[in-house]
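Hi,

Here is the structure I said I would pass on. Have a look at it first, and then read my notes underneath.

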Amino acid sequence: MRFLRCTLTAIVAAATVPMIASTPASAAAHNGLPNGTLTKKTLVIGIDGARFDKLGDAVMPNLDAFRSAGMTAPSNLQGLPMADTLSWAGWSTIGHGVWPDKHKVMGQSWDTNQFSTYPDYLTRLESQKPEASTLVVGTWGDITTQVFGSAVDLRVDKGDDAATAATAADYLTNGNPDSTFVQLDEVDGAGHSYGGASQKYLDALEDVDTHIGTLLNAVTARPSYANEDWLIMFTTDHGHRDVPDRLGVDSPWPPTDYQGHGYNSPVERQTFVIAKGTGLTGGSTRHDVRITDIAATVLKHAGVTINSAWNLDGKPISNITPDAFDSLRPSLNSAVDEGIPSSVKGWTTTAPSGWSIDNSAMPTGGATEWRGWSFATDEFWTNAQLYQGRETNVRARNVFAVADSDEWDDKSHSSGQFNSTLKSPAFPVSGSTAILSFASHYAIDGPQTGKVYVSYNDNTPVLVKDYTQDTNAVEKIPLALPAGTTNVKVEFRYTGTNSAFWTVDQVQIATTHKSLVIGIDGAAYSALAGADMPNLDSIQAGGLTSQANLYAQPMADTSSGPGWSTIGHGVWPDKHMVTSNTAFGQKNYAQYPDYLTRLESNNPNVSTLVLGNWAPLFDENIFGAESVVDLRVGDGDDETADNAAGYLQHGNPDSAFVHFNELDEVGHEGHGPGTPEYEAALEHIDSLIGQMMDAVEARDTYGVEDWLIIATSDHGHVLQTGGHGGNSPGERDSFVIAKGGGLPANTVRHDIKHVDIAPTVLRHMGVTINSAWNLDGKPISDIIAPSNADPFDSLRPSLNSAVDEGIPSSVKGWTTTAPSGWSIDNSAMPTGGATEWRGWSFATDEFWTNAQLSQGRETNVRARNVFAVADSDEWDDKSHGSGQFNSTLKSPAFPVSGSTAILSFASHYAIDGPQTGKVYVSYNGNTPVLVKNYTQDTNAVEKIPLALPAGTTNVKVEFRYTGTNSAFWTVDQVQIATP
């Protein structure tokens with residue numbers, strides 16, 4: 001900790017006046033501490049100057065029991081020249097979550113601090129959750145006046161550890177803090193006065209263990225403890241030398257016994273994180289957790305999303321994953337040429353699986369440990385030679401790769417310079433861009449080079465980074481992937497002659513095309529506007545929105561089984577065959593796999609994720625079998641959002657599907673769209689969407705990633721009363737909202753359907769859509785391309801309200817005025833009949849289906865937006881002159897060339913009595929020729945081959961329909977394509 005003040009702590013008898021933040025969380029509940037609001041609570045206890053290696057020597061039953069139930073992670077501080085091993089830097093690193101080269105507290109002064117850029121974690125918590133109650137109690141006054149800022153609700157400075165522990169315990173038991181930091185100072189005082197190897201130092205540790213017991217008992221004594229989720233952590237700001245301070249004695253360099261701490265010896269740099277809470281394994285030991293991780297871990301536990309823009313060095317512990325280098329720890333060796341005690345096993349030149357070291361250009365000889373790239377631990381490598389900057393390798397974790405030409409050169413070798421290359425295995429990639437990231441500490445001290453190369457699909461390596469200056473950072477290098485790239489390899493090439501070193505760790509490659517589909521079970525599109533949903537609104541503002549009505553019986557129920565199958569597999573229920581929640585036995589997933597399965601089949605190296613709260617998603621493999629999709633987790637909505645946020649921010653999924661179910665449950669409880677209960681449930685879902693969006697945007701690589709975000713639902717609900725499965729407008733009421741992937745912002749469409757989600761994701765992820773898959777959906781980018789505009793859709797602005805149909809006037813959805821170039825021949829139509837349907841008309845789903853429910857109109861799923869319809873059944877519902885419905889829809893001339901063409905159109909032909917439906921084509925205006933004669937029900941996209949007579953330059957199409965109170969024929973998306 002400090003040089004001088006520590007020996008004086010026993011003299012201080014009175015506490016200073018507590019400092020209270022000007023904006024408390026709520027009305028004071030206990031001695032100036034606002035009443036907390038969170039059930040997830042945190043307590044961090046800092047033991048100033050506690051050496052990790054002495055914790056086992058002292059009798060500390062309270063801490064020992066805690067460690068048995070929690071995780072222990074020994075680690076080391078930075079050293080000079082980054083910062084002194086003093087309390088100023090140590091507590092700043094712990095409280096602010098960044099190393100001293102960012103927070104800039106490096107010596108015995110606060111004047112250079114960058115706390116405005118890197119606030120302490122309690123200040124961040126207050127900023128994100130002002131309702132939280134935050135508390136700091138410390139023995140060293142600077143903890144409350146400098147380390148933690150004025151936004152903290154209550155900061156209490158006490159004069160000795162007993163008073164600090166008693167005060168904190170009172171607040172913990174009788175108050176209701178959400179996040180508490182307690183600093184105990186007197187172990188450091190004992191180290192300064194008597195030395196870290198003294199019995200007095202052990203006595204001080206044993207005294208602090210009593211205070212630990214007081215604090216832990218205070219937590220468990222809380223009346224609400226059983227209903228709370230506590231994360232408790234212990235740490236220290238530095239270690240101590242064996243001997244007491246010798247102030248006033250001239251200090252040699254490097255210092256040996258001048259003072260208790262402040263320099264670079266192993267015992268001064270000792271620190272630790274000991275933690276107990278949800279997800280932490282009892283009795284476990286880790287070597288990849290650093291003191292910078294405390295702030296991020298507390299914030300995550302409190303429900304705060306870590307924003308990548310904060311540029312923290314730390315990570316939540318739950319999101320720290322071992323890398324390939326860490327697997328080497330059990331096989332590390334003792335020193336050969338270095339003078340490091342044999343008990344310290346910390347190096348190897350054997351690379352982990354998939355990695356290799358090319359030493360073909362290395363001279364023979366030199367220090368054995370450092371001949372070429374090696375793998376080492378901090379405690380081994382830094383002690384090869386102190387005070388040469390190795391102690392500042394703070395961004396590496398556990399085992400890291402190191403090329404140290406300086407240490408290698410300390411032993412004789414043959415002529416030539418250090419020249420070694422570290423080579424990675426192949427990293428799988430997809431799409432057009434990726435990010436190469438790694439922790440890098442490159443130090444220059446003479447002629448040397450450090451270069452990073454990548455190779456795409458094993459082609460010639462390309463230079464992507466050339467070091468010309470000292471660097472200590474996590475690198476993020478964007479990569480432009482050549483077309484067809486499926487893997488990337490990385491090479492780290494280092495040369496030097498008695499120069500410095502280069503360390504590399506946590507090497508990762510992340511693809512930048514990502515997708516997230518959010519499924520909101522039972523969400524009716526019409527209900528979204530009435531709810532306060534700022535997060536979904538933000539997605540809509542940044543992308544496009546399309547109301548998308550579902551099918552109904554006789555095709556399928558408006559229920560979750562058919563709904564999610566349609567969304568996941570990209571085909572309508574008449575193909576995937578899940579027609580109800582009890583019809584999974586007839587599912588046709590083998591022929592029509594879900595998009596995650598197709599994605600994995602195209603590239604098994606992608607990372608896929610399914611999270612949700614409806615059992616058949618997993619039991620019936622709607623979104624991929626467990627053997628195919630990388631991770632599937634079922635849980636409640638809040639837990640699903642928590643899990644999703646964690647994976648999205650700190651993992652690296654390429655394509656994720658997240659399902660929320662509890663809105664649907666509200667609908668089933670009798671609270672449908674239009675009720676306060678349904679609206680409140682929607683708003684809660686929106687908060688969970690916000691949590692996930694925050695996580696995506698907080699990703700370290702978000703700035704260079706292209707995220708496709710899609711929100712949708714599987715069905716709606718009956719208005720007011722709730723329930724679904726039938727044919728009512730409310731039950732069929734759904735939507736597709738999509739943002740990213742090059743889609744336009746703030747756009748409303750009427751031609752995007754549920755089946756389009758699967759191919760849109762696949763296209764975004766670099767998968768070519770194969771026509772042999774026979775998908776019903778299309779990538780949204782194809783649908784909205786101007787070249788694919790359907791002329792029928794141009795009629796939407798001029799559609800009319802009902803005349804003879806009993807449909808509300810607010811629904812404008814029909815016209816008999818054909819678009820430019822098209823015409824309707826009603827010369828054979830009788831007079832009269834229903835106005836809307838006299839001859840071919842143009843209509844929308846929401847208008848036409850509501851002319852009469854439950855007659856099959858709801859199954860017209862392959863039409864989009866405005867379509868052409870000949871409905872003899874509805875026309876016949878009103879009196880008319882003698883004769884049958886007889887009308888012909890005529891196209892403009894389609895230009896063609898060559899000898900063949902394909903006529904395609906979406907066709908729904910339903911038979912219910914005497915009727916005819918025939919398609920004719922004419923070549924260059926000659927006599928029309930019959931090319932299709934309907935004799936059975938059809939619901940498909942027709943593709944009719946045409947043999948073009950020689951010299952044909954254009955083709956016209958006629959759709960001739962006759963019937964008497966029979967059924968209907970719809971036609972849409974009429975195209976003629978030539979090879």
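Let me start with contacts, meaning heavy atoms within 4.5 Å. Among those in the protein chain between residues at least 6 apart in sequence, 75% join residues at least 24 apart.

Before you go further, note that this is a predicted model: local features need pLDDT of at least 70, side-chain atom pairs count only at pLDDT 80 or more, and totals for chains, interfaces and linings use all residues. Residues are numbered from 1 along each chain as its sequence is written, and side-chain values use heavy atoms, with hydrogens and water left out.

Now the overall picture. The C-alpha trace spans about 120 × 75 × 45 Å along its principal axes. Of the 979 residues in the protein chain, 58% are buried (under 20% relative accessible area, with a 1.4 Å probe and protein chains only).

As for secondary structure, the chain has 27 helices and 43 strands. These are DSSP runs numbered from the N terminus: helices are H or I with at least four residues, strands are E with at least two.

One sheet to look at is open and has 6 strands, in the order β12-β14-β15-β23-β18-β21, with antiparallel pairing. Two strands pair if DSSP finds at least two bridges between them. At the edges sit β12 (347–348) and β21 (471–480), each pairing on one side only.

Further in, β15 (residues 400–404) and β23 (residues 501–511) run antiparallel and are joined by 4 bridges. Try finding alanine 403 there: it stands opposite tryptophan 502 in β23.

Cheers

How values were computed: Buried < 20%, exposed > 50% of the residue type's maximum accessible area, 1.4 Å probe, protein only.
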